Amino acid sequence: YAATNTLIYSWEGFHPRESGRPEYLGVGGLVFDPDRPNHATGWISSSPRAALNETSFVSRSCRKATVSDATDLLSDNRKTREEAVQRLLHWREDIR
């Protein structure tokens with residue numbers, strides 16, 4: 001057995017902004033880059049429980065949030081929260 005720096009997972013949940021809160025199921029995988037431990041690439045699938053043949057797959061690039069990111073996202077200060085969201089949404093621009 002050799003370590004592959006890969007995480008495979010399954011999930012189930014609902015989309016809170018959709019009427020009737022339909023349930024979804026899916027699987028995903030993340031491959032972590034040993035040279036850049038805070039970054040990963042991967043994929044995720046999503047299927048409505050009521051229509052499992054409607055599965056969609058999306059590829060993703062990810063950056064691990066820091067403790068500071070999490071603290072800012074939970075801040076009572078709205079501006080601090082908004083800045084943290086923008087920082088996390090635009091992290092790809094920082095590595096180009």
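This is a short talk about the fold of one chain and a few residues in it.

Hi everyone, and thanks for having me. Please keep in mind that what you see above is a predicted model. I'll begin with the whole chain, go on to the sheet, and finish with a handful of residues.

So, what does the secondary structure of the chain come to? There are three helices and four strands. If you follow the sequence along, the pattern reads β-β-β-β-α-α-α.

Now the overall dimensions. The C-alpha trace spans about 45 × 40 × 25 Å along its principal axes. The radius of gyration of the chain is 16 Å, whereas a compact globule of 96 residues would be near 12 Å. Buried residues account for 18% of the 96 residues. The accessible surface is about 7600 Å², and carbon and sulfur atoms contribute 54% of that. As for how the contacts are spread, take those between residues at least 6 apart in sequence: 27% of them join residues at least 24 apart.

On to the sheet. It is an open one with four strands in the order β1-β2-β3-β4, and the pairing is antiparallel. At the edges sit β1, residues 6-14, and β4, residues 56-63, each of which pairs on one side only. On average, neighbouring strands are turned by 20 degrees against each other, if we ignore direction.

Let's walk across the sheet. β1 runs antiparallel to β2, residues 23-33, and nine bridges join the two. You can find your place in this pairing from two positions. Isoleucine 8 stands opposite glycine 29 of β2, and glycine 13 stands opposite tyrosine 24, also in β2.

Moving one strand over, β2 and β3 are antiparallel too, with eight bridges between them. How many residues lie between β2 and β3 in their hairpin? Two. One bridge to look for here is that of valine 31, whose partner in β3 is threonine 41.

Next, some individual residues, starting with two in β3. The strand covers residues 36-48, and serine 47 is part of it. Is serine 47 buried or exposed? Its relative accessible area is 8%, and the cut-off for buried is under 20%, so serine 47 counts as buried. Who are its neighbours? Leaving out residues up to four places away in sequence, serine 47 touches Glu23, Tyr24, Leu25, Leu52, Glu54 and Thr55. Tyr24 is the residue we just met opposite glycine 13. With threonine 55 there is something extra, a polar contact of 2.5 Å between the two side chains.

The other β3 residue is alanine 40. Alanine 40 is buried as well, because its relative accessibility is 7%. Beyond four places in sequence, the residues it touches are Leu30, Val31, Phe32, Arg60, Ser61 and Cys62. Take arginine 60 from that list: it is 20 residues away along the chain, and the C-alpha atoms of the pair are 8.3 Å apart.

Alanine 40 also gives us a way to place arginine 63. Those two are 23 residues apart in sequence, with 6.4 Å from C-alpha to C-alpha. Arginine 63 belongs to β4, which is one of the edge strands. How does it fare for accessibility? Arginine 63 has a relative accessible area of 26%, so it is partly exposed.

From arginine 63 we can step over to the helices, by way of aspartate 69. This residue is in helix α1, which covers residues 67-73. Aspartate 69 is buried, because its relative accessible area comes to 3%. What does it touch, once we set aside residues up to four places away? The residues are Arg63, Ala84, Arg87 and Leu88. Its side chain also reaches the backbone nitrogen of threonine 66, at 2.9 Å.

To wrap up, here are the stops to revisit in the viewer. Start with the four-stranded open sheet and its antiparallel pairing. Then look at serine 47 with its polar contact to threonine 55, and at alanine 40 with its neighbours, including Val31 and Arg60. End at aspartate 69, where the contact with Arg63 links helix α1 to strand β4. Thanks for listening!

Methods. Residues are numbered from 1 along each chain as its sequence is written. This is a predicted model: local features need pLDDT of at least 70, side-chain atom pairs count only at pLDDT 80 or more; totals for chains, interfaces and linings use all residues. Side-chain values use heavy atoms; hydrogens and water are left out. Two strands pair if DSSP finds at least two bridges between them. Axes are lines fitted to C-alpha atoms, for helices over the stretch in contact, and angles run from 0 to 180 degrees between N-to-C directions. Buried means under 20% relative accessible area, exposed over 50%, partly exposed in between (1.4 Å probe, protein chains only). A polar contact is a pair of N or O atoms within 3.5 Å; within protein, one must be able to donate a hydrogen and the other to accept it, and residues adjacent in sequence count only if both atoms are side-chain atoms. Contact means heavy atoms within 4.5 Å. The radius of gyration is taken over C-alpha atoms; the globule rule is 2.2 Å times the number of residues to the power 0.38. Accessible areas come from the Shrake-Rupley method with a 1.4 Å probe; for residues, only the protein chains shown count as cover.
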